[in-house]
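This report describes the overall makeup of one protein and then the surroundings of one of its strands. The sequence and structure are shown first.

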Amino acid sequence: MHRLQYQINRLPVLLRQTELSYLSQPARSKSSGPAIQSGLKRFSTAEAAAETGDPARMRERSLNMATLNPQVKAVEYAVRGPIVLKAADIEKRLQQGVKQPFTEVIKANIGDAHAMGQQPITFLRQVVALCCFPELLDSPAFPDDAKQRAQRILQGCGGQSLGSYSASQGVECIRRDIAAYMQQRDHGVPSDWNNIYLTTGASDGIMSILKLLVSGCGGSRTGVMIPIPQYPLYSATISELEAVQVNYYLDEANCWALDIRELQRAHQAAKQHCQPRVLCIINPGNPTGQVQSKKCIEEVLHFAYEENLFVMADEVYQDNVYSPDCQFHSFKKVLYAMGPEYFNNVELASFHSTSKGYTGECGFRGGYMEVLNMDAEVTAQLVKLLSVRLCPPVSGQAAMDVIVNPPKVHEPSYAQFSKEKSSVLDALAQKAMMTEQILNSVPGLKCNPVQGAMYAFPQIFIPPRAIQEAQSLCMAPDMLYCLKLLEETGICVVPGSGFGQRDGTYHFRMTILPSLEKLKILLEKLKEFHLKFLEEYSTLEPQSRRSSQENQDREP
């Protein structure tokens, strides 16, 4: 013990002696690196080069912008694009005490419900908590129906642990629950759990299916038909896969309806330079918020049948329908009602997610897809492709299970669950109506009814002078508008050019997720900004034009 204490007391002296011994060593040879000068810290060769900034010591990177995959450079994702990066920078400066014309950044750019203040659904969090920490199963604080679901999920996991890998297609009991949910949702339309695949959010499933579909070269390269405006996941994935993007335009004058004649036009035009093989539908729409009628879906499916197109139905907002005149119809249900010739032949993949609806659980990255009428050999290739990423997050799978298997009427959690679900959806419906009304009260703004989903996509009038200024800055006019909106008010929205729009029209997408009070503030600030923007760019003529007019007035 005394010897140990002696060594501890001697430690500072020993360290100092070692340091002095090291500093008194002679300079190293050239091969061993730069000489060490007394009083300076020791560098590795790489550190020395970085510290001195000697360009001769820095060799060219193997990966640089010249060698980067060009398809990666082609990818654009407006939802988290330049505007959002600028917003993050402003927010950081606000935190550092830098004064701005506002006190906070209001992020209305993305459908992230919990980030906007929405509270989690209690029952979902209870089940996932029990799955993550099974010791809680003995706690009286958790209701029996939550415990029963957690136990069932855990029994389907390897080692009865959420930390184990699942099958690449997902936990079997969860796939069975999804099939039962879809059959109930579609009023008895049969659903086979073998056609269900758990995914890392709906995005993962969409990208996986597109990977299967893209092939050919030149005029035979796969064409993917997508709605314009569209969710940028589609255009980004198409770019990454080097497929051909085929735009069909939604009818803004008719509440963003899908016109079958526009589908036919786009398809016919695309056949001149590619092979259209895929038709993507977003219902309810993102960013446009429309809900498709049953008749419209029938026309789309008939068109797909006639043209032998693979249909991808993005239905992640199926619980988000607010207009009393609208109802969600799944593509599968409508296809079944069209008869066996259609139901047994049209290839259809439909997608759902934990991120939207009334739960808003974006961070769990839970989702699923159901794939119908896929060739058996191709199905084996899909399973192989999914196996490369091992499995989707099992916690996200558990969250997905709660969404498709919520409390029943006779169970103890039903009353609270039903109240929380109704509260979220009723608030969204109220905010959808308020957003439409306030935006339409502003001169130069026009907003279609927000029938569903989580966004408004108003058209904005941008004066010619503002368009000229944007062009001189090499940016889209609605990008200039959104940048100025952010810099002057702290409101972050996404320019419509990031989603696609008809030439000569300008829009922005904003989420309706902020609390009612904050959304009112946002809309009032937006109204004030827009009127100021119109006044600034409409009433003042360019100096050159004024000077020219003055010279004409002086002429005899």
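## Contacts and overall makeup

In this predicted model, residues 24 or more positions apart account for 70% of the contacts in the protein with a separation of 6 or more. The protein contains 20 helices and 14 strands.

Of the 556 residues, 48% are buried. The exposed surface of the protein is about 27,800 Å², and 52% of it comes from carbon and sulfur atoms.

## Burial of strand β6

Strand β6 spans residues 310-314, and 5 of its 5 residues are buried, so the strand is largely enclosed by the rest of the structure. Here buried means under 20% relative accessible area.

The cover extends to both faces of β6. On one side the buried residues are Phe-310, Met-312 and Asp-314; on the other they are Val-311 and Ala-313.

## Strands paired with β6

Strand β5 (residues 275-282) pairs with β6 in the parallel sense, over 5 bridges. Within this pairing, Ala-313 in β6 has Ile-281 opposite. Between β5 and β6 the chain passes through helix α11 (residues 294-307), and this β-α-β crossover is right-handed.

Strand β7 (residues 348-353) also pairs with β6 in the parallel sense, over 4 bridges. Which residue in β7 is the bridge partner of Ala-313? That partner is Ser-350. Ala-313 thus stands opposite Ile-281 and has a bridge partner in β7, and Ala-313 is itself buried.

Definitions and conventions. Residues numbered from 1 in each chain as written. Predicted model: local features only at pLDDT ≥ 70, side-chain atom pairs only at ≥ 80, totals over all residues. Heavy atoms only, no water. Buried < 20%, exposed > 50% of the residue type's maximum accessible area, 1.4 Å probe, protein only. Helix = DSSP H or I, 4+ residues; strand = E, 2+ residues; numbered from the N terminus. Pairing = 2+ DSSP bridges. Right-handed = clockwise from strand over helix to strand, strands pointing away. Contact = heavy atoms within 4.5 Å. Areas by Shrake-Rupley, 256 points an atom, 1.4 Å probe, with all protein chains shown as cover.
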